[in-house]
Amino acid sequence: MPSGDDPGKSKEDFFGVFLKAKEFTEELLRENERLRFKIASLESQPGSLAELSGDEQAQALSRRVRELEERLQDVETRYRAVEEENKEFADRYIEIEEQNNNLANLYVASYQLHSTLDYREVIRIVQEIVINLIGAEAFHIFVISDKTGQLELETSEGAAAPVTSVALGEGRIGMAAKTGENYFAPEVAHREATPFEQPTAVIPLKIKDSVIGVISINKLLVQKSAFTITDYELFTLLAGHAATAIFSAKLYSTSARKLHTLQGFLDMLKTQPAKP
């Protein structure tokens with residue numbers, strides 16, 4: 001789904017081409033009728049085929065056949081061009097419908113992500129979105145720890161991770177977190193999950209230029225043989241929403257713990273007897 005595309009405009013273009021094809025077909029029918037009328041007129045005029053000698057009739061018929069064959073070839077060429085154009089716009093229309101469907105799903109997913117500030121619940125929602133919206137069967141979600149500065153494993157799906165933390169810049173996962181750039185493997189379709197250190201895709205979770213974690217994917221649905229432009233943009237949009245939701249929930253959780261600790265300290269002071 002290229003970000004610069006306007007689905008409404010693309011649909012108008014598609015229907016415009018559909019109308020253009022309809023007009024072209026009607027024009028072909030009118031042209032055919034004109035040719036038939038011309039032949040009938042020639043036959044009814046003086047010097048028509050009936051009044052010509054055998055050789056002259058054969059030559060006249062040969063000329064007419066060549067003329068009709070040339071016209072027919074031109075019509076067929078134009079028809080194939082319009083048919084190819086229609087096919088291209090039909091494919092584009094299907095792509096736009098898929099983009100609209102993904103956008104609707106992304107809207108629902110975004111609403112779910114931002115409907116809670118419970119950290120574990122947000123991680124669970126992100127996990128469900130990666131499964132249902134992206135179609136990942138094996139993946140890992142890492143979040144950068146404030147204490148260690150490393151990527152700490154939050155959850156896995158479909159394959160166990162051999163480690164619980166990854167240093168920034170270490171391997172493809174750590175490098176994606178360090179640079180903030182997506183990684184996509186050239187080969188997508190795998191019957192089994194790829195090794196942990198050889199992910200199919202690594203998507204940094206970013207808030208502006210700050211990376212707060214990554215999603216490392218090791219297996220997609222079997223029927224997906226390659227990433228599309230729609231996939232790339234869907235990954236980017238999802239990563240932004242997931243990063244914001246995780247960061248907000250994490251910040252709220254930290255604040256809530258500090259507030260709880262402070263409240264406990266204040267309650268303890270209140271319960272202590274006053275010194276005489």
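Mentor: A helix here is a DSSP run of H or I with at least four residues, and helices are numbered from the N terminus. Please keep in mind that this is a predicted model.

Trainee: What makes glutamate 67 and arginine 71 a pair within one helix?

Mentor: Both residues lie in helix α2, which spans residues 54-113, and they are four residues apart, about one turn of the helix.

Trainee: Why is the contact between glutamate 67 and arginine 71 called a salt bridge?

Mentor: The cut-off is a side-chain nitrogen of Lys or Arg within 4 Å of a carboxyl oxygen of Asp or Glu. The closest N and O atoms of this pair are 3.4 Å apart, so the pair meets the cut-off of 4 Å.

Trainee: Why are glutamate 67 and arginine 71 called partly exposed?

Mentor: Buried means under 20% relative accessible area and exposed means over 50%, with partly exposed in between. Glutamate 67 has 30% relative accessibility, and arginine 71 also has a value of 30%, so both fall in the middle class.

Trainee: How do you know that arginine 78 and aspartate 74 form a salt bridge?

Mentor: Their N to O distance is 3.8 Å, and that is within 4 Å, so the name applies. These two residues of helix α2 are four residues apart, about one helical turn. At 31%, arginine 78 is partly exposed, and so is aspartate 74 at 42%.

Trainee: What makes the salt bridge of glutamate 154 and arginine 120 a tie between parts of the chain?

Mentor: The closest N and O atoms of this pair are 2.6 Å apart. Glutamate 154 lies in strand β2 (residues 151-157) and arginine 120 in helix α3 (residues 119-134), so the bridge ties together parts that are 34 residues apart in sequence. Arginine 120 itself is partly exposed, at 45%.

Trainee: How many salt bridges does the structure hold?

Mentor: There are seven. Glu121, Arg124 and Glu128 are linked in a network of such bridges.

Trainee: Why is lysine 208 called exposed?

Mentor: Its relative accessible area is 78%, and exposed means over 50%, so the label fits. Lysine 208 is found in the loop between β5 (201-207) and β6 (210-220). In this hairpin, with two residues between the strands, lysine 208 takes a positive phi near 60 degrees.

Trainee: How do you know that β5 and β6 pair?

Mentor: Pairing needs at least two bridges found by DSSP. β5 and β6 have seven, in the antiparallel sense, so they qualify. One example joins lysine 206 to its bridge partner in β6, valine 211.

Trainee: What makes β1 a partner of β6?

Mentor: Strand β1 (residues 136-144) also pairs with β6 in the antiparallel sense over seven bridges, so the requirement of at least two is met. Here alanine 136 has leucine 220 as its bridge partner in β6.

Trainee: Why is β6 called mostly covered?

Mentor: Of its 11 residues, 10 are buried, and buried means under 20% relative accessible area.

Trainee: Which residues have the most contacts inside the largest nonpolar core?

Mentor: They are Leu113, Val126, Leu205, Ile215, Ile217 and Ile246, in a core of 34 residues. Elements giving two or more residues to this core include α2, α3 and β6. Among the residues that isoleucine 217 touches are Ile134, Phe139 and Phe235. A second, separate core has 11 residues, including Ile144 and Val202.

Conventions: Residues are numbered from 1 along each chain as its sequence is written. This is a predicted model: local features need pLDDT of at least 70, side-chain atom pairs count only at pLDDT 80 or more; totals for chains, interfaces and linings use all residues. Side-chain values use heavy atoms; hydrogens and water are left out. Buried means under 20% relative accessible area, exposed over 50%, partly exposed in between (1.4 Å probe, protein chains only). A nonpolar core is a set of buried Ala, Val, Leu, Ile, Met, Phe, Trp, Tyr and Cys residues joined through side-chain atoms within 4.5 Å. Contact means heavy atoms within 4.5 Å. Lists of a residue's contacts leave out its neighbours within four places in sequence.
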